[in-house]
Amino acid sequence: MLFCPQCRKEYEVGNRLCPDCRVSLVRNLPPDPNQLALFEMIEIYKIPDEITGMALSSFLADAGVQVSVQPMEASFYGGTLNTLLGYWGKLLVSAEHETKARKQLEIFLKEFHGK
Ligand SMILES: [Zn+2]
């Protein structure tokens with residue numbers, strides 16, 4: 001399959017140009033930020049601090065889980081959101097990886113926090 005980098009339509013191999021956009025087709029589409037945002041991400045954990053967030057995200061990524069750490073650092077009525085909420089950020093994983101991610105999270109919390 002070939003793809004148009006502009007309109008992101010798929011074409012059979014053999015086409016060279018997108019008939020609509022007149023641009024060369026490519027083998028691999030660059031990630032589309034709009035489409036990535038559409039991936040359903042599920043919050044599975046409230047991260048207490050930044051260090052845990054970083055360690056956890058690389059731990060899960062190593063296990064093949066698509067993971068996103070969302071810090072709650074935005075200013076919010078004079079304070080920051082994280083002090084208001086009582087945690088540093090959210091751990092989001094893609095919906096299809098949720099079960100695996102929860103298992104990995106359990107392992108992580110046992111190993112690193114002795115719980
Ligand atoms: Zn096109």
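In the predicted model, E98 is in contact with I42, I44 and V93, neighbours within four places in sequence being left aside. The residue belongs to helix α4, which covers residues 98-113. Its approach to I42 bridges 56 residues along the chain, the two C-alpha atoms being separated by 7.4 Å. E98 counts as partly exposed because 15 C-beta neighbours lie inside 10 Å, whereas 20 or more would be needed for a buried residue.

One of the contacts of E98 is V93. With residues up to four places away in sequence not counted, V93 touches M41, I42, I44, L60, V65, Q66, V67, E98 and A101. V93 also takes part in strand pairing, as the bridge partner of V67 in β7.

The strands concerned form an open sheet of three strands, ordered β3-β7-β4 and paired in the antiparallel sense. β3 and β4 are the edge strands, each pairing on one side only. Neighbouring strands of the sheet are turned against each other by 25 degrees on average, direction ignored. Between β3 (residues 41-47) and β7 (residues 89-94), the antiparallel pairing extends over six bridges; within this pairing, M41 has S94 of β7 as its bridge partner. Strand β4 (residues 67-71) is joined to β7 by five bridges, again with the strands running antiparallel. Besides the bridge between V67 and V93, V69 stands opposite L91 in β7.

Helix α2 lies across β3, β4 and β7, and runs at about 170 degrees to β4. The 13 residues of this helix should span 18 Å at 1.5 Å a residue, and the distance of 18 Å between the end C-alpha atoms therefore agrees with the expected value. The buried residues of α2 are T52, G53, L56 and L60. These residues lie on the same side of α2, because they cover an arc of only 100 degrees around the axis. On the other side of the helix, I51, M54, S58, A61 and D62 are exposed. Just after α2, G64 adopts a positive phi of about 85 degrees.

Helices and strands come together in the largest nonpolar core, which has 13 residues; those touching the most other members are I47, L60, V65, V67, L91, V93 and A101. At least two residues of this core are supplied by each of β3, α2 (50-62), β7 and α4. Several residues described above recur here: L60 is among the buried residues of α2, V67 and V93 are bridge partners, and L91 stands opposite V69. V93 is moreover in contact with L60, V65, V67 and A101, among others.

At the level of the whole protein, there are four helices and seven strands. From the N terminus on, the elements run β-β-α-β-α-β-β-β-α-β-α. Buried residues make up 17% of the 115 residues. Of the contacts with a separation of 6 or more, 50% are accounted for by residues 24 or more positions apart. The pair E98 and I42, 56 residues apart along the chain and in contact, is an example of such an association.

Conventions:
Residues are numbered from 1 along each chain as its sequence is written. This is a predicted model: local features need pLDDT of at least 70, side-chain atom pairs count only at pLDDT 80 or more; totals for chains, interfaces and linings use all residues. A residue is buried if 20 or more other C-beta atoms lie within 10 Å of its own, exposed if 12 or fewer, and partly exposed in between; C-beta atoms are placed from the backbone. Two residues are in contact if their C-beta atoms, placed from the backbone, lie within 7 Å. Two strands pair if DSSP finds at least two bridges between them. A nonpolar core is a set of buried Ala, Val, Leu, Ile, Met, Phe, Trp, Tyr and Cys residues joined through C-beta atoms within 7 Å. Axes are lines fitted to C-alpha atoms, for helices over the stretch in contact, and angles run from 0 to 180 degrees between N-to-C directions. The expected span of a helix is 1.5 Å times one less than its number of residues. The arc is that of the directions from the helix axis to the C-beta atoms.
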